[in-house]
Amino acid sequence: MINGKTKVFGLFGNPVEHTISPYIHELLYEETGYDGTYNPFHVREGKLSDAVRGVRGLNLKGVNVTVPYKVDVMEFLDQVDEMAKGIGAVNTIVPIHLDDKTDYILKGYNTDWLGLSMACDYEGIPIEGKDIVLIGAGGSARAVAFMCAKRQAASLVILNRTLEKAQEIKSILESSFERMTDLGQIPIMVGGLDELDLVKKGAVVFQTTSLGMHPRVDRTPLDEDDFFHKVDFIVDIIYNPKETIFMKKGKDHGAKVANGLGMLFFQAVKAFELWTNITLDDDQLKRVFGKLEKFVYEK
Ligand code: ATR
């Protein structure tokens, strides 16, 4: 029940109709007993600066940002976290209180990479010391690339239909090595989707394209048996369907696979943590994630 003390959170996007974030955050409130409410806000074209002013004006306790505003929102914030700057996208706005407690600044974070990182731990997907293959070079791919450097992967191969976009991620990441000393300076190679000789045996693969997503579930960025032979772990950032063709092929060849629901869940958990300073223990995470899986796959 909402009352006068309920803390208000939200999501800025356009459109926002299909989001399941309110459901995830309500589950987190229920699990922790936190008195919060999470609301989708449809921010129309050209209204993003008004929306961010609204965070200040209405004393919102935190806001997520989704398509198409993750990049543009940065210019309206007081501060942006270094990883979010590198990735070039903010999906979480956090009010940070200054010393006198009455005034605060708005700081932007990227919890996509944090969520992905937590999801990998949760699902038993290793990163440190592993050869990573990243398929795709869009917004999600940048979060994966930075996570791999942050977590000291052994190497990164980026395969994409458009080579220039893979090259761009490589340049952005490499140019961040000097500024961000906590990143591992991992070797990065790029290639087209057919350059499978770049893939090392035992690789961990992140599939970040939209190929295979509902309703066109028959599509996959790669189909070659030679590729799947070499791969030990697969994370597909798609969560609908529960198992993409890409995941199925990996599984048939003996790889351990995970879909994108973990990433979606843990980016919300991370945002909740940043906003409330409340950390859920493993049992709580398991319970909430179980409810989310039921909601998404059994409704
Ligand atoms: P997001 O921000 O969610 O990562 P995006 O920026 O639209 O999404 O990126 C989509 C990715 O899927 C890109 O890597 C894109 O390849 P291109 O850079 O060549 O456009 C990839 N992709 C989309 N449709 C594809 C297709 N039919 N074949 C191969 N790759 C495709």
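Is Asp-226 buried or exposed, and what is its relative accessible area? I began with this residue and found Asp-226 exposed, at a relative accessible area of 57%, which fits the cut-off of over 50% for the exposed class. I note at the outset that the model I am reading is a predicted one.

**Entry on the charged patch**

I then looked up where Asp-226 sits, and its place is in helix H7, which spans residues 225-230. I also looked for charged company on the surface, and I found Asp-226 gathered with Asp-194, Glu-195, Asp-197 and Glu-224 in a patch of negative charge.

**Entry on the sheet**

In what order do the 6 strands of the open sheet run? I traced the order as S2-S1-S3-S5-S6-S4, and I recorded the pairing as mixed. The edge strands are S2 (36-42) and S4 (79-80), each of which pairs on one side only.

I went through several of the pairings one at a time. Strand S3 (residues 62-65) meets strand S5 (residues 92-97) in the antiparallel sense over 2 bridges, and in this pairing I noted Val-63 opposite Ile-93 of S5. S5 in turn pairs with S6 in the antiparallel sense, here over 6 bridges, with Pro-95 standing opposite Leu-106 in S6. For the edge strand S4, I found a parallel pairing with strand S6 (residues 104-109) over 2 bridges, and Gln-79 stands opposite Lys-107 in S6.

I looked as well at the hairpin of S5 and S6, which has 6 residues between the strands, and there I noted that Lys-101 takes a positive phi near 70°.

**Entry on salt bridges**

How many salt bridges does the structure hold? The count I wrote down is 17, and I followed up some of them in detail.

For Asp-50 I found a salt bridge with Arg-53, in which the closest N and O atoms are 2.6 Å apart. Both residues lie in helix H2 (residues 48-57), and their spacing of 3 residues is about one turn of the helix. Asp-50 itself is partly exposed, with a relative accessible area of 38%.

I found a salt bridge also between the side chains of Glu-82 and Lys-85, at 3.2 Å from N to O. These two residues share helix H3 (residues 82-87) and are likewise 3 residues apart, about one turn of the helix. I checked their exposure, and Glu-82 counts as partly exposed at 35% relative accessibility, while Lys-85 is partly exposed with a relative accessible area of 43%. On following the contacts further, I found Glu-82 and Lys-85 linked with Arg-179 in a network of salt bridges.

**Entry on a pair far apart in sequence**

Which residue forms a salt bridge with Lys-150? It is Asp-182, and the closest N and O atoms of the pair are 2.4 Å apart. I placed Lys-150 in helix H5 (residues 139-150) and Asp-182 in the loop between helix H6 (163-176) and strand S9 (188-191), so this salt bridge ties together parts that are 32 residues apart in sequence. For Lys-150 I noted a relative accessible area of 27%, which is partly exposed, and for Asp-182 a relative accessibility of 37%, which also counts as partly exposed.

Key: Residues are numbered from 1 along each chain as its sequence is written. This is a predicted model: local features need pLDDT of at least 70, side-chain atom pairs count only at pLDDT 80 or more; totals for chains, interfaces and linings use all residues. Side-chain values use heavy atoms; hydrogens and water are left out. Patches are made of residues with over 30% relative accessible area and no salt bridge: like charges are joined within 9 Å, nonpolar side chains (Val, Leu, Ile, Met, Phe, Trp, Tyr) within 5 Å. Accessible areas come from the Shrake-Rupley method with a 1.4 Å probe; for residues, only the protein chains shown count as cover. A salt bridge is a side-chain nitrogen of Lys or Arg within 4 Å of a carboxyl oxygen of Asp or Glu. Lys and Arg count as positive and Asp and Glu as negative; His and the chain ends are not counted. The place of a charge is taken as NZ of Lys, CZ of Arg, CG of Asp or CD of Glu. Helices (H or I, at least four residues) and strands (E, at least two) are DSSP runs, numbered from the N terminus. Buried means under 20% relative accessible area, exposed over 50%, partly exposed in between (1.4 Å probe, protein chains only). Two strands pair if DSSP finds at least two bridges between them.
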